[in-house]
Amino acid sequence: MPPAPPREDPLALLVAAACGAAGLGALGLAAAWWHAERAAPALLAAGLALLAVAGLHWRLARRARQWAGEAQAARQAAQQARAQLAATLDILPDGLAIYDADDRLVLCNASYRAVAPGVTLPLEYGLRFEEVLRRIAASGELTGLRPEDVEPWLAQRLASHRTFGDPAVQEVCGDRWMQLSERRLDDGGVVVLRTDITDTVHKERALQQALQDAENAQRSLREAVDAMPAGLEIYDAQDRLVLCNEHMERLRPQLPVQTSLGKTYEELLREGLRQGVPEEASGQEELWLAHELALRGHRQGPEVRRCPGGAWVHRHECRTPSGMTVCVSLDITDLIEQRHKAEAARQESQRTRQLLERAVEALPVSIEIFDEQDRLVLFNQQLSRMYPHMNYAQYLGRRFADILRHSVETEKIPSAQGREEAWIAERLSEHGSRASNLVQRLADGRWINVYETRTPENYVVAVRLDITNLIEQRQALEAAQEAAQAAQQLLRDAVESLPEGFALFDAEDRLVVCNAQYRRIYPISAPMIAPGNTFEQIARYGAERGQYPDAIGRVETWLAQCVANHRAARHAVLQRLPEGRWVQADERRTPQGGIAGVRTDVTQLVRKEQELAAANAKLALLSTTDGVTGIGNRRRFDERLAVEWLRCGRQRLPLAVVLIDIDHFKLYNDHYGHLAGDECLRRVAQLLQATIRRADEVAARYGGEEFVLLLPDTPLPAAVTVAQRCMDSLRTAALPHPRSPTAPVITFSVGIASVVPQADAHSDTLVQAADAALYRAKYGGRNRMETFDPGPAVQAPTAVARE
């Protein structure tokens, strides 16, 4: 609406009229007095001046009226512009505020009032900047600003408010970030711009993380490059080598990496040519070099090269968009050598594939494949033979639902009768996703096992197998199992009725079944005698609790032997139990690898055997003991000589025999009588028995007044020492012999022999050698000892006569 025209000022019109009238009056007077008075020119001038003033005042009044109209229009335009400016500022996404020179709010938009989404501050025009800050702090939207930090924060913000430095960044709740920018106006005011830079901050974070990741990736890349099993070279846009890994240095030893970096590709080629690499360029180096440089960056694909060391490499060269050249060299020596093998393998694979296709067609199972739209795309002839009512060739490309519906309509699926649609829906829902096989009965009585699986390409492969025979066998098996259970019960009853303990262990040595008598035999082990426990566990339980006296103090050793005997299962084993009881364990392997064992209480039998053994031992002792002296007799000596001869011969050890004869013993008997002679023999036997010190040494009465010592593992010097000890012991005893022509006491004549038994010699040769030495001692004056040295081999000595 246009503004109303301004009204005329009455005072201005009155003044203009007065000045005009006065001017006209002055002109009239001047005209009247023109010739009579001197003042006429002055009146004329005054009149003209007043008229000019009146005209000027009227003009100024008109101009003032015009200016007043323009000022009113300007004020209305300013109000409209301000309203439009406020609406425009509210549209801005950034907060904008203008403060005057006194720091009072002059103008702001809605974004400036909103310190956070959903949080708007009431800001009135004329509000001071400090109060605005306090309201912002009181809103609680500034992150990390505690109540005790408000005043320091206000002081810092007010100090920076008039400095107009770099924009400040403030974090608000919700991980949002604001940038505050302030600029001075010409009139001293301040423009404050608050920009939401949350996206920028987040992007900077992402960029910093990306830079860190890039740095890590670069380091990892370098490590990965050095760890590559292939050689890697990178040339820059000027074709200078900037990167080369360690594998490449091994492939190209003539060009060390440290001296090659920074050189151009051409320089590296020339350096190789000077060292004779490659061999095929010999004699035509420049031509070969020109050819290589011409192909640089224009190779159609990878190429195979031979390295100086004889290795073959597969070299691939390509240029990057930035002009760099990347070369990868892979050692394919093994591949080259195996090329013919690979070709042969490929041909063999083709033959195998053809054979596999024929085999699939010849499989006794039917195969059908459906695509991702559940349409039949492949089947074999076995499927047609399995379902003769279906012409599968006509159903190629048809959906699985069509095939199901045809089978239902022809009443070939007994389980679908009466619920056809529900059955079809069930089969479609589980097609290709069934967790287990589907067993399906056909109308002709056959049973079909259906296995369906879905491939990664969303195809469904169905395999169908006629299991009619299996179903019939299962039914027969169930009947057989029932019969077996009945037989098993009969077997349990029979086992329980046995008077002996019975236990059956499986192939893993776990108890399967045992009778009550078995537990009664082992009462301490009874808590562990349960199906599922191993024989070792049961035996260990009893051994640790005193079930087996032989295991006390040596549980592990006894247990190892017990388990070994159990697993051998070849012969019966006696077990000693507490209270003097004995059990015979007789175990045998079953055809299935298990062990069946019978435990029989043989306490009475063992006791009788022990009594018989004691009697036999006593009899054996009597048969090898001399009745007069109480030491071993000739039989004892002969048995031990035969055993030690074989043992020392096997181990290549010396065996010694010392033959001792009492000098002039017949005269002793004649003088003292036979009873005194027997007592003398007993005293001599005791002296000799006390002389031997090892368990394997034997002292025996050889016959009459002759005694013998058997000394295993004793060389001749040691045997002489033993003989001397015997003579010293006799001399100390000083047994009187007044009729002896040699000495007034009992004396010995001793013959000593020691040999290493030979395989082709007999033990009698050793006794004969000692006897020959004894002969020399007796006929050399008696009361002395003689030795026999057979040399390298035992020779049968010449027979000599006894006294």
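The accessible surface of the protein comes to about 46,700 Å², and 56% of this area belongs to carbon and sulfur atoms. The model on display is predicted. With the whole chain of 803 residues selected, 35% of the residues count as buried. A cartoon view will show 25 helices and 27 strands. Among the contacts with a separation of 6 or more, 48% are made by residues 24 or more positions apart.

**First stop: the sheet that contains S5 and S6**

Please select strands S2, S1, S7, S6 and S5, which in this order form an open, antiparallel sheet of five strands. At the edges lie strand S2 (105-108) and strand S5 (168-172), each of which pairs on one side only. On average, neighbouring strands of this sheet are turned by 20 degrees against each other, direction ignored.

Next, restrict the selection to S5 and strand S6 (residues 176-184), an antiparallel pair joined by five bridges. Within this pair, Glu171 has Trp177 in S6 as its bridge partner. Now add helix H5 (residues 150-161), which packs on the sheet and touches S5, S6 and strand S7 (190-196). The direction of H5 makes about 40 degrees with that of S6.

**Second stop: the sheet that contains S10 and S11**

The next selection is another open sheet of five strands with antiparallel pairing, in the order S9-S8-S12-S11-S10. Which strands stand at the edges of this sheet? They are strand S9 (241-244) and strand S10 (303-306); each has a single partner strand, so one side of each is left without a neighbour in the sheet. From one strand to the next, the twist averages 25 degrees.

At the S10 edge, display strand S11 (residues 312-319) beside S10: the two run antiparallel and are joined by four bridges. For a single pair of residues to label here, choose Arg305 and its bridge partner in S11, Val313.

**Third stop: the surface around Tyr459**

Switch to a surface view and select Val377, Leu378 and Tyr459, which make a nonpolar surface patch of about 240 Å². Tyr459 is found in the loop between strand S16 (447-454) and strand S17 (460-466). Is Tyr459 buried, partly exposed or exposed? The residue counts as partly exposed because its relative accessibility is 31%, a value between the limits of 20% for buried and 50% for exposed.

**Last stop: strand S18 and its two partners**

Finally, select strand S18 (residues 501-505), a mostly covered strand in which four of the five residues are buried. S18 pairs in the antiparallel sense with strand S22 (residues 595-601), over five bridges, and also with strand S19 (residues 511-514), over three bridges and again in the antiparallel sense.

Where these pairings involve Phe505, two residues deserve labels. The bridge partner of Phe505 in S22 is Ile595, while in S19 Phe505 stands opposite Leu511. When side chains are shown, it may help to recall that in a regular strand they alternate between the two faces of the sheet.

To end the tour, follow the chain from S18 into S19. The two strands form a hairpin with five residues between them. In the turn, select Asp509, which has a positive phi of about 65 degrees.

Notes
Residues are numbered from 1 along each chain as its sequence is written. This is a predicted model: local features need pLDDT of at least 70, side-chain atom pairs count only at pLDDT 80 or more; totals for chains, interfaces and linings use all residues. Side-chain values use heavy atoms; hydrogens and water are left out. Patches are made of residues with over 30% relative accessible area and no salt bridge: like charges are joined within 9 Å, nonpolar side chains (Val, Leu, Ile, Met, Phe, Trp, Tyr) within 5 Å. Accessible areas come from the Shrake-Rupley method with a 1.4 Å probe; for residues, only the protein chains shown count as cover. A salt bridge is a side-chain nitrogen of Lys or Arg within 4 Å of a carboxyl oxygen of Asp or Glu. Buried means under 20% relative accessible area, exposed over 50%, partly exposed in between (1.4 Å probe, protein chains only). Two strands pair if DSSP finds at least two bridges between them. Axes are lines fitted to C-alpha atoms, for helices over the stretch in contact, and angles run from 0 to 180 degrees between N-to-C directions. Contact means heavy atoms within 4.5 Å.
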